[in-house]
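Here are some exercises to work through with the structure open beside you. Try each task before reading its solution.

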Amino acid sequence: MTTHRRIRPFNTRDTYPNQKLDNDLCHAVVANGTVYLRGQVGTDLEGNLVGLGDPAAQAEQAMANVEQLLREAGSDLSHIVKTTIYLTDPRHRELVYQTVGRWLRGVHPVSTGLVVSGLAQPEWLMEIDVIAVIPK
């Protein structure tokens, strides 16, 4: 009996060709009515960077990815219960949070925000981690 479903599997050797990695991951996992998303950044779901140097454009792309992945999982933005936003520079906070806020108007998830020294690729300025539920 399968207890979970994996959405958009990939291998890190393809996602990070500049790094010596070989890990099998996926963009989303559905388990027990909950959707867990991989952290989404300013790359589209094919791996193309959007918004080099522009934290708002990267947040816009990350949220478009979130919306698409939740739809594929059987959920949507209105069912997000938790977000964690990672920023590489505290000066990006307003731009990123304004962008995410437009996408999540009226949703009221719990949220954690962190400033980190870097993300997996140096051109990434922000990352959002999302947990959502699937409506019954």
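**Exercise 1. The crossing of two helices**

Task: Find out whether the crossing of H2 and H3 is left-handed or right-handed, and describe how these helices pack.

Solution, step by step:
- Bear in mind that this is a predicted model. Look along the pair: the crossing of H2 and H3 is right-handed.
- Two numbers are useful here, since a packed pair of helices is described by the angle between the axes and the distance between them.
- For H2 and H3, the packing angle is about 30° and the axes are 8 Å apart.
- Angles under 35 degrees count as roughly parallel, so H2 is roughly parallel to H3.
- Now list who makes the contact. H2 supplies Pro55, Ala56, Ala59, Glu60, Met63, Ala64 and Glu67, while H3 brings in Leu95, Val96, Thr99, Val100, Arg102 and Trp103.
- Sort these residues by character: 9 are nonpolar, 1 is polar and 3 are charged.

**Exercise 2. Two residues of the helices**

Task: Decide for Ala59 and for Glu94 whether the residue is buried or exposed.

Solution, step by step:
- Start with Ala59, which sits in helix H2.
- Its relative accessible area is 0%, and buried means under 20%, so Ala59 is buried.
- Check what surrounds Ala59: leaving aside residues up to four places away in sequence, Ala59 touches Val96, Thr99 and Met126.
- There is also a distance to try yourself: the C-alpha atoms of Ala59 and Tyr97 are 8.4 Å apart, with their positions 38 residues apart along the chain.
- Move on to Glu94, a residue of helix H3.
- Glu94 has 59% relative accessibility, and therefore counts as exposed.
- From C-alpha to C-alpha, Glu94 lies 9.0 Å from Ala56, and these two are 38 residues apart in sequence.

**Exercise 3. The order of the strands**

Task: Work out the order of the strands in the sheet, and say which strands stand at its edges.

Solution, step by step:
- Trace the sheet from one side to the other: the order is S1-S2-S3-S6-S4-S5. This is an open sheet of 6 strands with mixed pairing.
- Strand S1 (4-11) and strand S5 (110-115) each have a single partner strand, so they stand at the edges, and one side of each is left without a neighbour in the sheet.
- Neighbouring strands of this sheet are turned against each other by 15° on average, direction ignored.
- Next, place the helices. Helix H2 (residues 55-73) lies across S1, strand S2 (24-31), strand S3 (34-37), S4 and S6, and runs at about 25° to S6.
- Helix H3 (residues 93-103) packs on the sheet as well, where it touches S4, S5 and S6. The direction of H3 makes about 155° with that of S4.

**Exercise 4. Pairs of strands**

Task: Go through three strand pairs and give the sense of pairing and the number of bridges for S4 with S6, S3 with S6 and S2 with S3.

Solution, step by step:
- Strand S4 (residues 80-87) and strand S6 (residues 126-133) are antiparallel, joined over 7 bridges.
- Two positions help you find this pairing on screen: Thr84 stands opposite Asp129 in S6, and Ile85 is opposite Ile128 in S6.
- A useful reminder for viewing is that side chains alternate between the two faces of the sheet in a regular strand.
- S3 and S6 also run antiparallel, and 3 bridges join them. Here Val35 stands opposite Ala132 in S6.
- S2 and S3 are antiparallel over 4 bridges. Val30 has Val35 in S3 as its bridge partner.

**Exercise 5. Positive phi in the loops**

Task: Where are Asn32 and His108, and what phi does each take?

Solution, step by step:
- Asn32 belongs to the loop between S2 and S3, in a hairpin with 2 residues between the strands.
- Although Asn32 is not a glycine, its phi is positive, at about 50°.
- With 75% relative accessibility, Asn32 counts as exposed.
- His108 is in the loop between H3 and S5.
- His108, likewise not a glycine, has a positive phi of about 60°.
- His108 is exposed, because its relative accessible area is 72% and exposed means over 50%.

Terms used
Residues numbered from 1 in each chain as written. Predicted model: local features only at pLDDT ≥ 70, side-chain atom pairs only at ≥ 80, totals over all residues. Heavy atoms only, no water. Pairing = 2+ DSSP bridges. Axes fitted to C-alpha atoms, helices over the stretch in contact; angles between N-to-C directions. Contact = heavy atoms within 4.5 Å. Buried < 20%, exposed > 50% of the residue type's maximum accessible area, 1.4 Å probe, protein only. Parallel < 35°, antiparallel > 145°, perpendicular 65-115°, else oblique. Left-handed = near helix turned anticlockwise from the far one by under 90°. Nonpolar A, V, L, I, M, F, W, Y, C, P; charged D, E, K, R; others polar.
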